[in-house]
Amino acid sequence: MAHKLLIVLASLLVASACHQVAEPSHDATLTIRADISGTSVVTMVVLVSAPDIPTAVVFNIPITGGIASGPITVPAGSNRTVTLRAYDAGGVETHSGAVTLDIQPGANPTLTVVLQPLTGEVPIHATLGSISVTVTPARDTLVIADTVRLTASVTDWNGNPVVGTIAWATSDPGVALVDSSGLVTAAGAGTTAISATFQGAAGSSTVTVNP
């Protein structure tokens, strides 16, 4: 009897673990962009905090050609405070700014954050907004050994195209493979999702392979 009870408990634990793994993500990916030309800034730090986030999440935003631009992942929920801090080559904080907002899973509207100078420099205006990735075709049916080339379009929060490297992946390589250019090759019968990811945002296409 005790042995049977242990088996039942173990089954329940496995079922519970599987249920937890299947939980959907409730994060939102925002892209930060700030023009820091004309300042001494070489490092941009972003902190995300909230009453229900025990430890603030920290990001370093890459800087290229006088532009600080990069993605941050924010847990969905209310009262998310995004704090931006800029530093010079000596590690001295030169600018600081923050905004508190509610984050929805998926796309979020654009916001502007003004980083006020702490050392007599000009203010820095930064924008936060969502990037979306759309994969075409959204659905396709192949037979084994067939190929199809998928394309991914990336747009910013204003609908403007964004140029960059797309990372392609398949959720089931036994059904279909995908290379770095989006070329899909059918491998076996079934259905799989082919995903395109850009700076933390993703889109997908459903590919069904018939025998």
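## Working through a strand-rich model

Ala89 is found in the loop between β6 and β7. Strands here are DSSP runs (E, at least two residues), numbered from the N terminus along with helices (H or I, at least four residues). The model is predicted, so to speak of a local feature you need pLDDT of at least 70, and side-chain atom pairs count only at pLDDT 80 or more, while totals for chains, interfaces and linings use all residues. Residues are numbered from 1 along each chain as its sequence is written, and side-chain values use heavy atoms, with hydrogens and water left out.

### Exercise 1: a loop residue

Task: work out whether Ala89 is buried or exposed, and which residues it contacts.

Solution.
- Start with the cut-offs: buried is under 20% relative accessible area, exposed is over 50%, and partly exposed is in between (1.4 Å probe, protein chains only).
- Ala89 has a relative accessible area of 73%, so it goes down as exposed.
- Next, look for contacts (heavy atoms within 4.5 Å). Skipping neighbours within four places in sequence, Ala89 is in contact with Ser40 and Val42.
- Val42 sits 47 residues from Ala89 in sequence, yet the two C-alpha atoms are 5.8 Å apart.

### Exercise 2: the backbone oddities

Task: find where Asn79, Ala145 and Pro137 sit, then check their backbone angles.

Solution.
- Keep the background in mind: most residues other than glycine have a negative phi, and most peptide bonds are trans.
- Asn79 belongs to strand β6 (residues 77-88). Its phi is near 60°, a positive value in a non-glycine residue. Asn79 is partly exposed because its relative accessible area is 42%.
- Ala145 is in the loop between β11 and β12 (147-149). Phi of Ala145 is positive too, at about 85°, and this residue isn't a glycine either. Its relative accessibility is 58%, so Ala145 counts as exposed.
- Pro137 lies in the loop between β10 (132-136) and β11 (139-143). The peptide bond leading from Thr136 into Pro137 is cis, with omega near -10°.

### Exercise 3: the nonpolar cores

Task: say how many residues the largest nonpolar core has, and which strand gives the largest share.

Solution.
- A nonpolar core is a set of buried Ala, Val, Leu, Ile, Met, Phe, Trp, Tyr and Cys residues joined through side-chain atoms within 4.5 Å. In soluble globular proteins, nonpolar side chains tend to be buried together.
- The largest core has 27 residues, and the ones with the most contacts inside it are Met44, Val46, Ile72, Val82, Leu84 and Leu115.
- Strands that each supply at least two residues include β1 (27-35), β2 (41-50), β3 (53-61) and β5 (67-75). Also among them are β6, β7 (93-103), β8 (111-117) and β9 (124-130).
- β2 gives the largest share, with five residues.
- Zoom in on Val82: leaving aside neighbours within four places in sequence, it touches Val46, Leu47, Val48, Ile72, Gly97, Ala98, Val99, Leu101 and Leu128.
- There's a second, separate core of 20 residues, and Val154, Ala176, Ala196 and Val207 are in it.

### Exercise 4: a buried threonine

Task: figure out what the side chain of Thr192 has for polar contacts.

Solution.
- Place it: Thr192 lies in strand β17 (residues 190-198). With 3% relative accessibility, Thr192 counts as buried.
- A polar contact is a pair of N or O atoms within 3.5 Å. Within protein, one atom must be able to donate a hydrogen and the other to accept it, and residues adjacent in sequence count only if both atoms are side-chain atoms.
- The Thr192 side chain makes such a contact with the side chain of Thr170 (3.4 Å). A polar atom of the Thr192 side chain is also 3.0 Å from the backbone nitrogen of Asp172.
- Not counting residues up to four places away in sequence, Thr192 touches several others, including Val175, Ala176, Ser205 and Val207.

### Exercise 5: strand pairing

Task: trace how β12, β16 and β15 are ordered, then how β8 pairs with β9.

Solution.
- Two strands pair if DSSP finds at least two bridges between them.
- The three strands make an open, antiparallel sheet in the order β12-β16-β15. At its edges are β12 and β15 (176-178), each pairing on one side only.
- β15 and β16 (residues 183-186) are joined by three bridges, and Ala176 stands opposite Ala186 in β16.
- β8 and β9 are antiparallel over five bridges, with Leu115 opposite Ile124 in β9. They form a hairpin with six residues between them, and Gly120 in the turn has a positive phi of about 85°.
- On the β7 side, two bridges join β7 to β8, again antiparallel, and Ser96 stands opposite Gln116 in β8.
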